[in-house]
Amino acid sequence: MRIVKREGQFFKILVESEEDVIWLYYIINQGEHLAAWTTRVVKKGNVEEKRKVWVKIVCEKKKMEDSRLRITGPIVDTNDPENVPLHRYHSIDLQPGTTF
């Protein structure tokens with residue numbers, strides 16, 4: 001795990017190995033905020049499309065799945081508020097190669 005950038009109490013972290021994923025399971029607690037670029041299905045009328053969006057969620061649930069950590073919670077901020085409604089639930093998968 002490598003800290004890519006630090007701004008006050010905020011960190012941008014690169015997950016480098018499966019061991020990092022295990023450590024993050026114990027470090028990230030309920031109520032903490034996580035932000036990352038992720039994909040989300042956006043509906044416009046009858047058309048659905050996957051979009052890459054930046055979201056910030058509040059951790060409500062975490063689960064280890066194979067070599068990834070899945071963090072789930074409500075969206076509290078996004079770069080696309082028109083298509084990604086706040087307070088809807090989203091998951092961020094942390095695995096080797098992920099930056100959040």
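User: I'd like to learn to read salt bridges. With which residue does Arg51 form one, and how far apart are the closest N and O atoms?

Analyst: Arg51 forms a salt bridge with Asp80, and the closest N and O atoms are 3.2 Å apart. The term means a side-chain nitrogen of Lys or Arg within 4 Å of a carboxyl oxygen of Asp or Glu. Arg51 sits in strand E4 and Asp80 in the loop between E6 and E7, 29 residues apart, so this pair links distant parts of the chain. Strands here are DSSP runs (E, at least two residues), as helices are (H or I, at least four), numbered from the N terminus.

Before we go on: this is a predicted model, where local features need pLDDT of at least 70 and side-chain atom pairs count only at pLDDT 80 or more, while totals for chains, interfaces and linings use all residues. Residues are numbered from 1 along each chain as its sequence is written, and side-chain values use heavy atoms, with hydrogens and water left out.

User: Are Arg51 and Asp80 buried or partly exposed?

Analyst: Look at relative accessible area: under 20% is buried, over 50% exposed, and partly exposed lies in between (1.4 Å probe, protein chains only). Asp80 is buried at 15%, whereas Arg51 is partly exposed at 22%.

User: How many salt bridges does the structure hold, and which residues are linked in a network of them?

Analyst: There are nine salt bridges. The network links Lys63, Glu65, Arg68, Arg70 and Asp93. Inside it, Arg68 forms a salt bridge with Asp93, with closest N and O atoms 3.1 Å apart. Arg68 is in strand E6 and Asp93 in strand E7, so the pair ties together parts that are 25 residues apart in sequence. Arg68, at 26%, is partly exposed, and so is Asp93, at 23%. Lys63 and Glu65 meet too, at 3.8 Å from N to O.

User: How do I read strand pairing, say around E6? Which strands pair with E6 in the antiparallel sense?

Analyst: Two strands pair if DSSP finds at least two bridges between them. E6 (residues 68-78) pairs with E4 (residues 47-58) over three bridges, with E5 (residues 61-65) over five and with E7 (residues 89-94) over six. For examples, find Val55 opposite Thr78, Lys61 opposite Thr72 and Leu69 opposite Leu94. E5 and E6 make a hairpin with two residues between them, and Asp66 in the turn has a positive phi of about 55°.

User: And the nonpolar core? Which of its residues touch the most other members?

Analyst: In soluble globular proteins, nonpolar side chains tend to be buried together. A nonpolar core is a set of buried Ala, Val, Leu, Ile, Met, Phe, Trp, Tyr and Cys residues joined through side-chain atoms within 4.5 Å. The largest one here has 18 residues, and Ile28, Leu34, Ile71, Leu94 and Phe100 touch the most other members. Helix H1 (18-27), E3, E4, E6 and E7 each give two or more residues to this core. Take Leu94: leaving aside neighbours within four places in sequence, Leu94 is in contact (heavy atoms within 4.5 Å) with residues including Val21, Leu24, Ile28 and Phe100.
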